[in-house]
Amino acid sequence: VSGAPVHKKFLSQADEEGLLRAAREREALCTSGGKCEGSVVVAFANMGYRKFALNWVLSMRLAEVENFLLVALDAPSHSFFTKHKVHSHLLAVGGEGEALHHQSGAFMDIMHVRMESLLAIMRGGVSVWLTDVDAIFNNDPFAFLEEGRDAAMVYDTPFLPKGEDSPLMVMAGCFWMRECGASPSNCELLEATMQHQRENPSKHDQYSFNAKLYEKGVNY
């Protein structure tokens, strides 16, 4: 249709297969048993966010969480992490090697890369806990998951949203979702979020994420 948003896909099939292999390898490192089984904690960073990423990795290790996957978005960051004895998976498809303004086109691209990556992992049967690299954990995050839930989300404002245009509340950069086979609605939500981003390119991913949650009637 003339004027319709173009779906730009960032990950190739080889990229998706490589991510899934890496996620499965890291998922196998779950040592606490129970709630972390079948899941991997995932974060993304380019060279501009390397110091945040090292801090994030340190918090994972101090919390005794080993089933984490740090995705390096450029070759320099991958080399940097390797030099500092931090395992990372190279996915050189997003980022310009520098910290980016949250409303820049390059930053928006990284948000799409994250969503595509999560979908590739979750479609492969691995549940995902996504975090931004500026998040740190004092305890094992899996301890906070409630039995029988298909998702766990984090609030970043002290009030409830009244609609898709109200102040945003649920973080798009910190949530756990069960894999697609066990919870197809999770992947439908991520796909809908990506579509909303394509239709509203000036909006941050958190806006799209919350808009779709509200539209689906999620009970906050």
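# A tour from Q197 to the parallel strands

Start by selecting Q197, which sits in helix α5 (residues 184-199). Helices here are DSSP runs of H or I with at least four residues, strands are runs of E with at least two, and both are numbered from the N terminus. Q197 is buried because its relative accessibility is 3%, where buried means under 20% relative accessible area, exposed over 50% and partly exposed in between, with a 1.4 Å probe and protein chains only. Now show what surrounds Q197: it touches M111, H112, M115, D205 and S208, leaving aside residues up to four places away in sequence. A contact means heavy atoms within 4.5 Å.

Before going on, note that this is a predicted model, in which local features need pLDDT of at least 70, side-chain atom pairs count only at pLDDT 80 or more, and totals for chains, interfaces and linings use all residues. Residues are numbered from 1 along each chain as its sequence is written, and side-chain values use heavy atoms, with hydrogens and water left out.

## The whole chain

Zoom out and colour by secondary structure. The chain has 6 helices and 6 strands, in the order α-β-α-β-α-β-α-β-β-β-α-α from the N terminus. Of its 220 residues, 49% are buried. Among contacts between residues at least 6 apart in sequence, 69% join residues at least 24 apart. The exposed surface is about 10,900 Å², of which carbon and sulfur atoms supply 52%; the areas come from the Shrake-Rupley method with a 1.4 Å probe, and for residues only the protein chains shown count as cover.

## The nonpolar core

Next, select W56, L69, L70 and L190. These have the most contacts inside the largest nonpolar core, which has 61 residues. Helix α4 (residues 105-123) gives the largest share of this core, 9 residues. Such a core is a set of buried Ala, Val, Leu, Ile, Met, Phe, Trp, Tyr and Cys residues joined through side-chain atoms within 4.5 Å.

Keep L70 selected. Beyond residues up to four places away in sequence, its contacts include A43, A45, W56, F81, H89 and V133.

## H89

Move to H89, in strand β3 (residues 89-90). Is H89 buried or exposed? H89 counts as buried because its relative accessibility is 17%. Measure along the chain and through space to L69: the two are 20 residues apart in sequence, and their C-alpha atoms are 7.3 Å apart. Not counting residues up to four places away in sequence, H89 touches G18, L19, A22, L69, L70, V71, A72 and H78.

## Strands β1, β2 and β4

Select strand β1 (residues 39-45). In β1, 7 of 7 residues are buried. S39, V41, A43 and A45 point one way, while V40, V42 and F44 point the other way. In a regular strand the side chains alternate between the two faces of the sheet.

Add strand β2 (residues 68-72), which runs parallel to β1 and is joined to it by 5 bridges. Two strands pair if DSSP finds at least two bridges between them. A45 has A72 in β2 as its bridge partner. With helix α2 (residues 50-62), β1 and β2 make a right-handed β-α-β unit; right-handed means that, with the strands pointing away from the viewer, the path from the first strand over the helix to the second runs clockwise.

Finish with strand β4 (residues 127-131), where 5 of 5 residues are buried. S127, W129 and T131 point one way from β4, and V128 and L130 the other way. β4 pairs with β1 in the parallel sense over 4 bridges. Here S39 stands opposite S127, and V40 has V128 as its bridge partner.
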